[in-house]
Amino acid sequence: SSSSSIEAASSASSLASSSFSSPSSSSTIGRIHSDISISLPQQIPKSKKSVLDIDAICSRFDDLGIKHIHLSKIWKYAIQNPFSDDNGSIDVPHIPKVANSLLEQEFSLCTSKLVQVERSKNNDTIKFIVELHDGQLIESVIIQHDSYAALCVSSQVGCRMGCRFCATGTMGLIRNLSSGEILEQLQIAQQIKPIRNVVFMGMGEPLDNYLNVLGAIRGIHDTRMFNLGLAHITVSTVGVIDNMYRLADEVPKVALAVSLHAPDQILREKLIPSGKFNSMEDILNAMDYYLERSPHHSFIQYTVIKGVNDREDHARRLAQALKGRRVKINLIPCNPTEKLGFETPSSEAMEVMKRVILEE
């Protein structure tokens with residue numbers, strides 16, 4: 001098809017919901033990879049907010065009459081020294097004493113704690129587990145491309161979308177992450193290696209936590225904070241339609257990834273229980289609205305599951321449903337887990353699906 005294309009399901013796209021398992025405190029948490037040297041905080045400040053939470057810190061600055069011009073120094077210091085306040089004191093150079101006093105009393109340079117880092121055998125991915133201020137655990141993944149690294153961030157603890165093939169979906173929704181907690185994943189990742197792209201494809205449904213994800217996008221893009229271009233940010237969704245329209249109106253320059261995982265509504269509802277509330281037609285209409293306003297193509301995420309959605313006719317009907325749209329289709333082999341009972345498709349089935357979609 002001239003309007004859609006296939007991308008290999010390795011890099012960031014393979015880190016859709018199917019590849020994330022819920023972190024377990026009984027695993028190897030606490031073991032930091034020997035070639036990564038990071039100073040860890042001794043305790044987690046449970047009552048303090050993240051200094052990266054833009055709305056929270058700006059509100060308190062306004063309350064005390066502190067000028068916003070000092071924020072760039074604070075954020076630069078926090079990003080470079082995320083765990084320097086583990087003894088409870090903060091001393092950011094060249095800002096007013098009242099600002100440092102506020103930070104010390106109400107904010108933390110990083111409310112999250114890095115508890116585990118694992119590298120893949122070929123060294124192209126680094127998964128790290130973060131403990132939040134309330135003890136909840138989330139995962140983030142750094143994906144190394146040829147010339148840059150991308151970070152896959154989580155937006156929720158758990159998820160209420162209930163995707164059958166996703167371990168996170170079995171947890172249910174425990175809570176949303178704040179914008180600061182989302183940004184702290186990038187803050188921590190940059191202690192490991194420089195990050196150029198951020199993809200919201202980790203634990204949770206990003207558009208089910210819309211305002212905090214939007215706040216995190218602001219921080220990622222803000223020249224005073226992480227200063228990444230909007231084109232380097234991708235937001236994935238299983239189809240929260242109202243917020244797909246909002247995203248298109250408010251930040252159309254970010255890339256959108258739509259998780260379909262099926263070529264038709266009937267099969268999709270079997271794989272994604274929340275899909276019964278949003279038809280594929282409505283989801284694709286919302287994607288079309290985004291495409292009309294965005295300079296980017298959309299990504300279509302399709303987790304391929306052996307014996308479920310991996311047949312030639314599945315690929316043909318998927319291509320036909322997307323024909324004429326400016327999309328790239330990512331076929332992602334299912335990451336099997338014993339608990340969920342789904343299996344990885346054969347390489348032959350993957351190749352047939354790619355060929356059929358290209359021919360369509």
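**Exercise 1. Overall picture.** How many aromatic pairs does the structure hold? Describe also the overall make-up of the protein.

*Solution.* The model is a predicted one, and the structure in it holds one aromatic pair. For the wider view, begin with the secondary structure, which consists of 10 helices and 14 strands. Next, take the burial of the chain: of the 360 residues of the protein, 54% count as buried. Finally, turn to the contacts between residues at least 6 apart in sequence, of which 69% join residues at least 24 apart.

**Exercise 2. Two helices and their buried residues.** Determine which residues of helix H6 are buried, and what they pack against; then do the same for helix H1.

*Solution.* Start with H6, which spans residues 241-250 and has Ile241, Asn243, Met244, Leu247 and Ala248 as buried residues. Seen down the axis of H6, these residues fall within an arc of 160 degrees, so they line one face of the helix. A general rule helps here: an α-helix has 3.6 residues a turn, so residues three or four places apart point the same way. The partners of the buried residues of H6 are helix H5 (210-221), strand S11 (233-237), strand S12 (255-259) and helix H8 (280-293).

Now move to H1, residues 54-64, in which Ile54, Ala56, Ile57, Cys58 and Phe61 are buried. These buried residues of H1 pack against strand S2 (49-50), H2, helix H3 (97-106), strand S3 (107-108) and H5. After H1 comes Gly65, whose phi is positive, near 70 degrees.

**Exercise 3. Cysteines.** How many disulfides does the structure hold, and why is there no bond between Cys163 and Cys166?

*Solution.* The count of disulfides is zero. For Cys163, the closest cysteine sulfur is that of Cys166, and because the two sulfurs are 5.9 Å apart, they are too far for a bond. The cut-off that this step needs is 2.5 Å between cysteine sulfur atoms. As to burial, Cys163 is buried, with a relative accessible area of 8%, and Cys110 is also buried, at 4%.

**Exercise 4. Charges over rings.** Which ring lies under the charged end of Arg196, and which under that of Arg293?

*Solution.* Taking Arg196 to begin with, its charged end sits over the ring of Tyr148, at 3.6 Å from the ring centre. In the case of Arg293, the ring belongs to Tyr289, and the charged end is 3.4 Å from its centre.

**Exercise 5. The setting of Ser72.** Where does Ser72 lie, and what surrounds this residue?

*Solution.* Ser72 belongs to helix H2, residues 71-80, and is partly exposed, with a relative accessible area of 28%. A polar atom of its side chain lies 3.4 Å from the backbone oxygen of Ile69. Farther along the chain, Thr223 is 151 residues away from Ser72, yet the C-alpha atoms of the two are separated by 8.5 Å.

**Exercise 6. Positive phi outside glycine.** Asn123 and His261 each have a positive phi; is Asn123 buried or partly exposed, and is His261 buried or exposed?

*Solution.* Asn123 is not a glycine, although its phi is about 70 degrees, and its place is in the loop between S4 and strand S5 (125-131). With 41% relative accessibility, Asn123 counts as partly exposed. His261, likewise not a glycine, has a phi of about 65 degrees and is found in the loop between S12 and helix H7 (265-271). At 0% relative accessibility, His261 counts as buried.

Key: Residues numbered from 1 in each chain as written. Predicted model: local features only at pLDDT ≥ 70, side-chain atom pairs only at ≥ 80, totals over all residues. Heavy atoms only, no water. Buried < 20%, exposed > 50% of the residue type's maximum accessible area, 1.4 Å probe, protein only. Helix = DSSP H or I, 4+ residues; strand = E, 2+ residues; numbered from the N terminus. Arc of directions from axis to C-beta. Contact = heavy atoms within 4.5 Å. Phe/Tyr/Trp six-rings, centres within 6.5 Å; stacked < 30°, edge-to-face > 60°. Lys NZ or Arg CZ within 6 Å of the ring centre and 35° of its normal. Polar contact = N/O pair within 3.5 Å; in protein donor to acceptor, adjacent residues only side chain to side chain.
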